[in-house]
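Please look over the sequence and the model below before reading on. The paragraphs after it go through the structure region by region.

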Amino acid sequence: MAPQVTAEQFSNLKLEKHDDGVWVVTLNRPTKRNALNLDTIEELVTLFTNAPRAGAKAIVLAAEGDHFCAGLDLIEHHDEDRSPADFMHVCLRWHEAFNKMEYGGVPVIAALKGAVVGGGLELASSVHIRVADQSTYFALPEGQRGLFTGGGATIRVADLIGKARMIDMMLTGRVYQGQEAIDLGLAQYLVEGSSFDRALELAQRAAANLPLTNFAICSAISHMQNMSALDAAYAEAVVAGVVNTQPDARARLAAFADKTAARVRPNS
Ligand code: 1HE
């Protein structure tokens, strides 16, 4: 049976489901700059574990307030005075949430603004498309806080911008923003207006693809990056065997053949 996902299940996230299958998930601790406490991480695990089988066709990850996410809840971390083992388990829950996002097969598009820092950048780097606005800035302040990344930055941020830049960000507190951040790969879009509006538009476009195709795009590519080239090529052939013969694709192929389907054209 398909799992039920309802807005009432969450208190640190807002959930809005649109008729076209686009879900808007909003980080909802603006007074704490959307810092990630353990409750929020557990809500992200629940949401992103169940969303693929609950009918989500694309998800916009947005944020209340002026900042996308201030990373680890430093106050909770200070108050809890965790043991090494406790914090290791906290990090494993972060990985659970972020892996569900990256490997879940549903396109996730982040509408960034303000601070995307520390664990906030780890969260953002787990989604498939990042849209930045003019206020967005990226940093890894762990170095200055006496901490280290624990939510996947060593894998995903290093993958986006390279290890040398990541090390520099952590050692010196370097901040990236604007076109430079885009050029480095921290986000794919930079907008003049609202990152949310553009993220929603992109989500709507992605939601119009066949779900099985999106599943492959938003799961298989990440898995294949973890494989040897030989195994990845094999897996690609198997995935394409399933996706490219799906019955639902036949109508789209027929539309191309009878010339009713849109052609690919350069941007005007
Ligand atoms: C927080 C947090 C937080 C704000 N944990 N409560 N991340 C950082 O090192 C970033 C820390 N935050 C900041 O640098 C700034 O707060 C911001 C640049 C994000 C926003 O600045 P501003 O001036 O708008 O807000 P503020 O006055 O600093 O904070 C407003 C409130 O949010 C205040 O709470 P209040 O109850 O006193 O009103 C802050 O305490 C609270 N707040 N950020 C808890 N992060 C798996 S390992 C991951 C490791 C990391 O992520 S380390 C990086 C942590």
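What follows is a reading of a predicted model, beginning with the ligand and ending with several individual residues.

The ligand is a convenient starting point. Around the ligand there are 26 residues, of which K32, A70, L74, G119 and R145 come nearest. When this shell is divided by class, 13 of its residues are nonpolar, seven are polar and six are charged. Polar atoms of the protein approach oxygen atoms of the ligand at several places. A polar backbone atom of T31 lies 3.2 Å from a ligand oxygen, and an N or O atom in the side chain of R33 is found 2.9 Å from an oxygen atom of the ligand. At L72 it is again the backbone that takes part, with an N or O atom placed 2.9 Å from an oxygen atom of the ligand. Taken alone, the ligand would expose 1000 Å², and the protein buries 69% of that area. Five elements each give two or more residues to the shell, namely the helices α2 (74–80), α3 (84–103), α4 (119–124) and α5 (142–145), together with the strand β5 (115–117).

From the ligand one may turn to the nonpolar interior. In soluble globular proteins, nonpolar side chains tend to be buried together. In this model the largest nonpolar core comprises 51 residues, and those with the most contacts inside it are L44, I59, L61, F68, F98, L123 and F138. The surroundings of L123 illustrate how residues from separate parts of the sequence meet there: with residues up to four places away in sequence not counted, L123 touches L27, L44, L61, F68, C69, F98 and M101. Apart from this core there is a second, separate one of 14 residues, which includes V60, A199, L200 and A207.

Two residues other than glycine deserve attention for their backbone conformation. Most residues other than glycine have a negative phi. N34, however, has a positive phi, near 60°, and is located in the loop that runs between β2 (22–27) and α1 (38–50). D81 also has a positive phi, in this case near 45°, and lies in the loop between α2 and α3. What is the accessibility of each, buried or exposed? N34 counts as buried because its relative accessibility is 2%, under the 20% limit for a buried residue. D81 is exposed, since its relative accessible area of 66% is over the 50% limit for an exposed one.

T136 is a buried polar residue whose surroundings can be followed in some detail. This threonine is found in the loop between β6 (129–132) and β7 (137–139), and its relative accessibility of 2% is the reason why it counts as buried. Which partners does the side chain of T136 have? A polar atom of the T136 side chain lies 3.3 Å from the backbone oxygen of L112, while a polar contact of 2.9 Å joins the side chains of T136 and D133. Beyond residues up to four places away in sequence, T136 touches L112, K113, G114, V116, Q177 and G178, so that L112 appears both in this list and as the provider of the backbone oxygen near the threonine side chain.

N50 offers another example of a buried residue with a polar side chain, this time in helix α1. Its relative accessibility is 15%, and N50 therefore counts as buried. The side chain of N50 reaches the backbone oxygen of T46 at 3.1 Å, and, leaving aside neighbours within four places in sequence, N50 is in contact with P3 and V5.

The last two residues have greater access to the surface by their assigned classes. F148, in the loop between α5 and α6 (153–161), is exposed because its relative accessible area is 56%. Even so, F148 touches E142, T154 and M170, not counting residues up to four places away in sequence. The C-alpha atoms of F148 and D79, which are 69 residues apart along the chain, are separated by 18 Å. G241, for its part, has its place in helix α11 (residues 229–243), and with 35% relative accessibility this glycine counts as partly exposed. Between the C-alpha atoms of G241 and V22, 219 residues apart along the chain, the separation is 27 Å.

How values were computed. Residues are numbered from 1 along each chain as its sequence is written. This is a predicted model: local features need pLDDT of at least 70, side-chain atom pairs count only at pLDDT 80 or more; totals for chains, interfaces and linings use all residues. Side-chain values use heavy atoms; hydrogens and water are left out. A residue is near a molecule or strand if one of its heavy atoms lies within 4 Å of it. A polar contact is a pair of N or O atoms within 3.5 Å; within protein, one must be able to donate a hydrogen and the other to accept it, and residues adjacent in sequence count only if both atoms are side-chain atoms. Accessible areas come from the Shrake-Rupley method with a 1.4 Å probe; for residues, only the protein chains shown count as cover. Helices (H or I, at least four residues) and strands (E, at least two) are DSSP runs, numbered from the N terminus. Ala, Val, Leu, Ile, Met, Phe, Trp, Tyr, Cys and Pro count as nonpolar, Asp, Glu, Lys and Arg as charged, and the others, Gly among them, as polar. A nonpolar core is a set of buried Ala, Val, Leu, Ile, Met, Phe, Trp, Tyr and Cys residues joined through side-chain atoms within 4.5 Å. Buried means under 20% relative accessible area, exposed over 50%, partly exposed in between (1.4 Å probe, protein chains only). Contact means heavy atoms within 4.5 Å.
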